[in-house]
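Reader: I've got this one open on my screen and I'd like a close look at a single part of it, the sheet. Could you walk me through how it's put together and what sits around it?

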Amino acid sequence: MAKKGWEKEKPACPKCGSKEVIPILYGYLSKEAWEMEDAGEVEFGGLDLDNDNNPGWHCKKCGNRWK
Ligand SMILES: [Zn+2]
């Protein structure tokens, strides 16, 4: 379930162009994922995996969230 592809290629924020973006994870996170959440490398978006409107990225610079 955990995706690793984002580590290679992070998108730039469509709003401010920053590369300081982190992926938003959903569902039950692994211990490693929680450690990354603590470190601010990922964001926990909740347990709702089935919502098509879930944003996938969070910009740490401007707070923008997008899919
Ligand atoms: Zn931004």
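Author: Here's a walk through the sheet, strand by strand, and then the pieces around it.

Keep in mind that this is a predicted model. Starting with the parts list, the protein has one helix and four strands, and from the N terminus on they run β-α-β-β-β.

Now the sheet itself. It's an open sheet of four strands in the order β2-β1-β3-β4, and the pairing is mixed. β2 and β4 (65-66) stand at the edges with a single partner strand each, so one side of each has no neighbour in the sheet. As for what holds such an arrangement together, strands of a sheet pair through backbone hydrogen bonds, either parallel or antiparallel.

Let's go along the sheet from the β2 edge. β2 covers residues 43-46, and β1 pairs with it in the parallel sense over three bridges. In that pairing you'll find Ile-24 opposite Glu-43 of β2, and Leu-25 opposite Phe-44, also in β2.

Next comes the other partner of β1. Residues 21-26 of β1 meet residues 57-59 of β3, again over three bridges but this time in the antiparallel sense. Look for Pro-23 there: it stands opposite Trp-57 in β3. Moving on to the β4 edge, β3 and β4 run antiparallel and are joined by two bridges. His-58 has Arg-65 in β4 as its bridge partner.

How does the chain get from β1 to β2? By way of helix α1 (residues 31-38), and β1, α1 and β2 together make a right-handed β-α-β unit. The helix is hardly covered, with zero buried residues among its eight. Just after α1 you'll come to Gly-40, which has a positive phi, near 80°.

Then there's the loop between β2 and β3, with two residues worth a click. Pro-55 is in that loop, and its C-alpha is 8.4 Å from that of Gly-45, 10 residues apart in sequence. Leaving aside residues up to four places away in sequence, Pro-55 touches Ile-24, Arg-65, Trp-66 and Lys-67. Two of those names have come up already: Ile-24 is the residue opposite Glu-43, and Arg-65 is the bridge partner of His-58. Even with those contacts, Pro-55 counts as partly exposed, because 14 other C-beta atoms lie within 10 Å.

Asn-51 has its place in the loop between β2 and β3 too. This residue is exposed, because it has 10 other C-beta atoms within 10 Å, and the cut-off for exposed is 12 or fewer. Its C-alpha and that of Tyr-26 are separated by 10.0 Å, with their positions 25 residues apart along the chain.

Last, zoom out to the whole chain. Of the contacts in the protein with a separation of 6 or more, 47% are between residues 24 or more positions apart. Buried residues make up 7% of the 67 residues.

Note on methods. Residues numbered from 1 in each chain as written. Predicted model: local features only at pLDDT ≥ 70, side-chain atom pairs only at ≥ 80, totals over all residues. Pairing = 2+ DSSP bridges. Right-handed = clockwise from strand over helix to strand, strands pointing away. Buried ≥ 20, exposed ≤ 12 C-beta atoms within 10 Å, placed from the backbone. Contact = placed C-beta atoms within 7 Å.
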